[in-house]
Amino acid sequence: MSILQVAVPVPLFDRLFDYKPPPHTPIIQLQPGVRVRVPFGARECVGVIIAVKTHSEYPDLKTAYECLDAIPLIPKYLLDMYLWASQYYCYPLGQLIAATLPPRMMAGASTQIELPPDVLWCLTSEGRQQANLSLPETQQRLEMLLKILQKTPIGHCEATLALALPNPRPTLRALQRRGWIAPLPTQSPTMIQPPLPLNSAQQLVVTTICNNAQQFYPCLLDGVTGSGKTEVYLQLLQYLLRDGRQALVLVPEINLTPQMVARFRQRLPFALVILHSQLPDQTRLHAWLAARDGQATVVIGTRSAVWTPLAKPALIVVDEEHDPAYKQQDSFRYSARDVAVWRARQANIPIILGSATPSLDSLYNTKQQRYHYFHLPERAGNALHPSYRLIDMRTQARRSPFSPELQKAIHHHLQEKQQVLLFYNRRGYAPTFMCYSCAWIADCPRCDAHLVYHDLMDELRCHHCNYVQNLPKYCPSCQSQALHPIGHGTERLEEQLQHLFPNARIARIDSDTTPSFHNMNELLTQIHAQEIDILLGTQMLAKGHHFPYVTLVGIINADSGLFSVDFRATERMAQLLIQVSGRAGREALPGLVLIQTYHPEHPLLQCLIREGYGAFAESALIERFNAELPPYFRLVLLRAEAKLLDKALDFLIRAKIIAEQSPNFNADIRLLGPVPAPMMKRQNRYRAQLLIQTQNRRLLPRFLHDWLLLLQQNQKMSGIRWSLDVDPLDLM
Ligand code: ADP
Ligand code: ZN
Ligand code: ZN
């Protein structure tokens, strides 16, 4: 008799459930990776067979209802990856599988579907002539898609169009019926452009990786913005993707996929699929199956794409590897970058982590000889490095966010018909709203946070829980009318900027003005057509986009990262600063970067602008070492939240005692806390945390495993939500 060991999507760590096989099921069908419908408590659910054994220690086994797959849906290597990740990140296997498979798969969706041919939608000559349509309201979707396609001569596939317009298929069909667009096979070789001749630094990377293509070969590609990293990826793919072999390319942002995809399509005659969370379920399922079955040669995607099965992998690329978006910050808290490295080791293939501002973790790994290091120090082509200057804000007589020096520079660059980019990482009109009579400040009733004043909607908003309230007319504490916004957000800066430069065309780019790919695309087109003079925005500006006509970059305030409680804040600040600056002067015009600060003598700032990111990283690593922080030490955070702070703290105190009594506890494992979280109250719940710190990373897996099982058994306290965050990105 066979017994099925099944992973069921329930919040129980390290626990599989035994079932008798469904009646009349051929033995051959009972294999790991097959989905089964099983009874669970009073309900039924879909799980995945992890193992088949001959004996169970449980009496009275229930019988599974049915197997949903004739052959395993999940290949063995992917199951192994799931098993490893479940242990490493201390997350229940069944939930992990449910979270990373395409949606609806764990609801039992059928995978017996015909794969539609992947086509590119391109304009016909008639479609090109359709300018300035004035279609009725009901057909605005038509106009929108047409406009997007008019801007992209090589066309778009459905998956990228879906970013701009959900469910684009009916609209595409309508356009096709009018004869304005036509489908082209994606692999039509006529459009393929030849590769660029590589410079010697690029050539070294390509040659070395090609020579080591048959083994696990992890590399950090440290190349300034515009140094030709993407060109390196393209040429590697060209060499390595033969005989049906495949590649996985990860990018941090959905908004960056269309750009990457367009570039890949121009150069590679391969079937390419896109995977990200905004795709329709069916499209995602198609892409997943096409990758598993080897029909897709290149998979480009965001974080979650790291879980895509590949029949014959040859290479993994993680672009902008430093980006915090690779870490999932809720439920299953994994780092896609780290999972990708594990995956490359499992598949015995090279992996490239590329960045202009590598994470301290990856730099440390190169020092430890775990990763190979490649450097592209120069911009490709003729573009020059930008030059940096600090502006001391302490000496400014008037408290304007724009120092006279910055204003003068803006003026000058505008006169020269060049573009200016201003970076300020705070959206809204003003971060605080205050009463001048009694010093009352508008706070979020649910969080430990001030409400942010948004002028456009005339409302106060919490950036942590999305609580919204109308602007009060009177102070709720003293009834005074002397209510004023304090400080600056991008909205207010835009207003002041327009006042200072009345003739300048200003575009504000933050998640309020530019919520979707479509808005971003529109803006990018205007920027490239030089219909915009000043770009003002948040970190959205730092991500991957090219602004060739920008010659002046202004950092309105560099100080926020210097004194934060978050130990990664300086690293993040340095990365943002260099990334934003890298957007400037990419072509013939050299760039100037002006950085406003109240701490011009700060050693990290000085180091960053005088000696560059590499030197900054060296000194930041020394600081981390001295503070016993990652990458030298490993951290795990046990977070708890409850309606009362004491409840959360009590839970953590008990957890600490349990930890200290657990068999694999060891003096090399330090338990720090519990303490209230830096943001103690959020969405009406009080948060506290216990930090686990160790230099001996080998001790951790077994300790965490035992501890979690004990916590699970002791979890009698009601009203507590708790979670483990392995390798947390921040300690907030
Ligand atoms: P990164 O990915 O590092 O930002 P890209 O690969 O996008 O850099 O290259 C920046 C620009 O330089 C692109 O326009 C690219 O076409 C060009 N480029 C890259 N490599 C070369 C090369 N070897 N010769 C000439 N131009 C190059
Ligand atoms: Zn008041
Ligand atoms: Zn709030």
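The four donor atoms around the zinc ion (ligand 3) subtend angles of 105 to 116°, so their arrangement is tetrahedral; four donors earn that word if all angles lie between 85 and 135 degrees. The model you are looking at is predicted, so local features need pLDDT of at least 70, side-chain atom pairs count only at pLDDT 80 or more, and totals for chains, interfaces and linings use all residues. Residues are numbered from 1 along each chain as its sequence is written, chains are lettered from A and ligands numbered from 1 in the order in which they are written, and side-chain values use heavy atoms, with hydrogens and water left out.

Which protein atoms hold the zinc ion (ligand 3)? They are the SG atoms of Cys444, Cys447, Cys462 and Cys465, lying 2.2 to 2.3 Å from the ion. A donor here is an N, O or S atom within 2.8 Å of the metal (3.2 Å for Na, K and Ca), and since water is not among the atoms, sites may look incomplete. Along the chain, these donors follow the spacing C-x2-C-x14-C-x2-C. The pair Cys447 and Cys462 links distant parts of the chain, 15 residues apart: Cys447 sits in the loop between strand E18 (432-435) and strand E19 (452-454), and Cys462 in the loop between strand E20 (459-461) and strand E21 (468-470). The element names are DSSP runs numbered from the N terminus, helices (H or I) having at least four residues and strands (E) at least two.

Are these two cysteines buried or exposed? Cys447 counts as buried because its relative accessibility is 4%, and Cys462 is buried too, with a relative accessible area of 0%. Buried means under 20% relative accessible area, exposed means over 50%, and partly exposed is in between (1.4 Å probe, protein chains only). In the loop between E20 and E21 you will also find Asn466, which at 61% relative accessibility counts as exposed. The phi of Asn466 is near 65°, a positive value in a residue other than glycine.

Now turn to the other zinc ion (ligand 2). Its protein donors are the SG atoms of Cys435, Cys438, Cys475 and Cys478, lying 2.2 to 2.3 Å from the ion. In sequence, these donor residues are spaced C-x2-C-x36-C-x2-C. The angles at this ion run from 106 to 112°, which makes the arrangement of the four donor atoms tetrahedral. Cys435 counts as buried, because its relative accessibility is 0%, while Cys438, at 30%, counts as partly exposed.

Next comes ligand 1. How many residues surround ligand 1? There are 17, and the closest are Pro197, Gln202, Gly226, Thr230 and Arg263; a residue belongs here if one of its heavy atoms lies within 4 Å of the ligand. Helix H8 (residues 229-240) gives the most to this shell, with three residues. Three polar contacts are worth finding on screen, the term meaning a pair of N or O atoms within 3.5 Å; within protein, one must be able to donate a hydrogen and the other to accept it, and residues adjacent in sequence count only if both atoms are side-chain atoms. A nitrogen atom of ligand 1 is 2.8 Å from an N or O atom in the side chain of Gln202. An oxygen atom of ligand 1 lies 2.9 Å from a polar backbone atom of Gly226, and an oxygen atom of ligand 1 is 2.6 Å from an N or O atom in the side chain of Thr230. The protein covers 74% of the 560 Å² of accessible area that ligand 1 has on its own, as given by the Shrake-Rupley method with a 1.4 Å probe; for residues, only the protein chains shown count as cover.

Further along the sequence, Arg639 lies in strand E27 (residues 634-642) and is buried because its relative accessibility is 14%. A polar atom of the Arg639 side chain lies 3.3 Å from the backbone oxygen of Asp730. Not counting residues up to four places away in sequence, Arg639 touches several others, including Arg333, Trp722 and Asp725; such a contact means heavy atoms within 4.5 Å.

Finally, look at the backbone. The peptide bond from Pro630 to Pro631 is cis, with omega near 5°, and Pro631 is found in the loop between helix H18 (613-626) and E27. A cis peptide bond also joins Gly673 and Pro674, with omega about 5°; Pro674 has its place in strand E28 (residues 669-682).

Notes
Four donors count as tetrahedral if all angles lie between 85 and 135 degrees; four count as square planar and six as octahedral if opposite donors are over 155 degrees apart and all others between 65 and 115; anything else is irregular.
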